[in-house]
Amino acid sequence: MTYTQRLQSLLWSMILTMTIPCVAFGAPPAPVPPVPSPQQRAWQAMEMTGFIHFTVNTFTDREWGDGTEDPATFNPSALDTRQWARVARDAGIKMLILTAKHHDGFCLWPSKYTEHSVKSSPWKEGKGDVVRELSDACREYGLKFGIYLSPWDRHERCYGNSPVYNEYFRNQLRELLTNYGPIAEVWFDGACGEGPNGKRQVYDWPSYYKVVRECQPNALIFGCGPDIRWCGNERGYASETEWSVQPITDDMKELRWVELHRTYVDGSGQKLADQMIRDEKTENCIWYPAECDVSIRPGWFYHPKEDDRVHSLDHLLDIYYKSVGRNGVLLLNLPPDRRGLIHENDVKRLQEFRAVLDKTFQNNVAEGKSAKASNVRENSDIYSPDNVLDGDSSTYWVTDDDVNTGWIEIDLEKERSFDVAMIQESIGLGQRVMDFVVEAKTPDGWQTLAEGTTIGHKRLLRFPPVTASKVRLKITGSRACPVIHTVGLFKRPEM
Ligand code: FUL
């Protein structure tokens, strides 16, 4: 080889090494705003969270105390927050939110701003602190911890004297947010009843949010707050079309969360979001995902007469599929009894629930198989349709930028039986899909198994058992090129 040839060869190899990566690694899809904050993504990934409703109501057999309860009624005989945390962890729950103060005003921590608290109760001779015990137990069992602090306070005399009570409320909030380690979620109930003096309290929401942001910048604010939205019912059901992308104007952000709430109750909020997204009017949208709260029993608080009315296994599974399986986070209430323990019947039901979920989702018949697609982004391997089957949520299939519809076809190699499909979008890049169809190639030909609108973090679809060799996911509508990180196929156990 002459010197000139060697030089040419060197130049070519330099050009190739510089260009190959550019060709091979096509540009990733740009995020489609709004996108979740890191805290919102971590929250969504928990999927199942737990509520603990516990206060004087547990002992008076009521759902709403009126604030006249004697603190002496609060006297659990064997309170064990480690049992709550263990039971929750074993059920797959990742966070517990405690009613630090419910509407009756009794505080489960020794607040220095009132005598109406555990410090005036006989429990641990007034030296106990349920908030401390549960926050410690959550840390020990690897759970996150959140607090419910009811602004509606039927005991506190200054309630109704708006500026004075707002200061009282902020002080209590500050106590809870500075003395108990990291708080992952602050749960604000919108209830605003009449005060003892007949006056109406005007809550100063923006000032409450400010305290949360100052004291716990990583905490998410639920309900009457800007970070997490109520799904609109207390049955634990998200809606069929569940966008985490929601239209919120600036004045709504400041003041109108409670009114906004109501639009989710009658479904008009979800319809409006869907329409705005289809009309591409998303400039005023924020990432505002749905939390689905429900109790494991009829009441939020423990009542002995409900010991035999713990939700059936079928009911709990239905809740799971309609919350976690519809792009929501489940918030399942486990009310401790008068001993201060989660009752045996509830524990047993949670164990059954966990066992069925484990059996269902342990074997994904699509995992590790291969797939082809109508379009794969740029001439690249890194966005291959096989990515949805690799069990890795960081890899995905995505089409070219201008291609908003398409299909992916999974080859199951032989006929397999399943009755649940799971689809997941890479929500870090925004929620995109607005219409989809799942089809299967059965011995009788191609059949439609399910049709839907939104996918989001996770969509679970149940259908009668089917035996098929191929499965196709068709994206028939999307805000931008669809980004799917996982498709799974599962078989529910016989019950
Ligand atoms: C409601 C409250 O009034 C109930 O008592 C319960 O705490 C539930 C989770 O929120 O608004």
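## A walk around the ligand and the two domains

Start by selecting the ligand: around it you'll find Phe51, His53, Trp64, His102, His103, Tyr148, Trp187, Asp189, Glu234, Asp293 and Trp300. Keep in mind as you go that this is a predicted model. Try colouring that shell by residue type, and you should get five nonpolar, three polar and three charged residues.

Next, show side chains and pick out three members of the shell. Begin with Asp189, where a polar side-chain atom sits 2.6 Å from an oxygen atom of the ligand. Then click on His103: here a polar side-chain atom is 2.8 Å from a ligand oxygen. Finish with Trp64, which has a polar side-chain atom 3.1 Å from an oxygen atom of the ligand. How much of the ligand does the protein bury? On its own the ligand would expose 300 Å², and the protein buries 89% of that.

Now switch on a surface and look at where the ligand sits: the space it takes up is the largest pocket.

Time to zoom out. Select 38-244 together with 288-361 and give them one colour; that's domain 1 in the domain assignment. Give 364-490 another colour for domain 2. The centres of the two domains, taken over C-alpha atoms, are 37 Å apart.

Last stop: the place where the domains touch. Here 19 residues of domain 1 make contact with 18 residues of domain 2.

Key:
Residues are numbered from 1 along each chain as its sequence is written. This is a predicted model: local features need pLDDT of at least 70, side-chain atom pairs count only at pLDDT 80 or more; totals for chains, interfaces and linings use all residues. Side-chain values use heavy atoms; hydrogens and water are left out. A residue is near a molecule or strand if one of its heavy atoms lies within 4 Å of it. A polar contact is a pair of N or O atoms within 3.5 Å; within protein, one must be able to donate a hydrogen and the other to accept it, and residues adjacent in sequence count only if both atoms are side-chain atoms. Accessible areas come from the Shrake-Rupley method with a 1.4 Å probe; for residues, only the protein chains shown count as cover. On a 1 Å grid over the protein atoms alone, a cavity is a set of points where a 1.4 Å probe fits but cannot get out, and a pocket is an open set with protein on both sides within 12 Å along at least five of seven lines; lining residues have an atom within 4 Å of a point. A molecule sits in a cavity or pocket if more than half of its atoms lie within 2 Å of its grid points. Ala, Val, Leu, Ile, Met, Phe, Trp, Tyr, Cys and Pro count as nonpolar, Asp, Glu, Lys and Arg as charged, and the others, Gly among them, as polar. Domain bounds come from an automatic or database domain assignment. Contact means heavy atoms within 4.5 Å.
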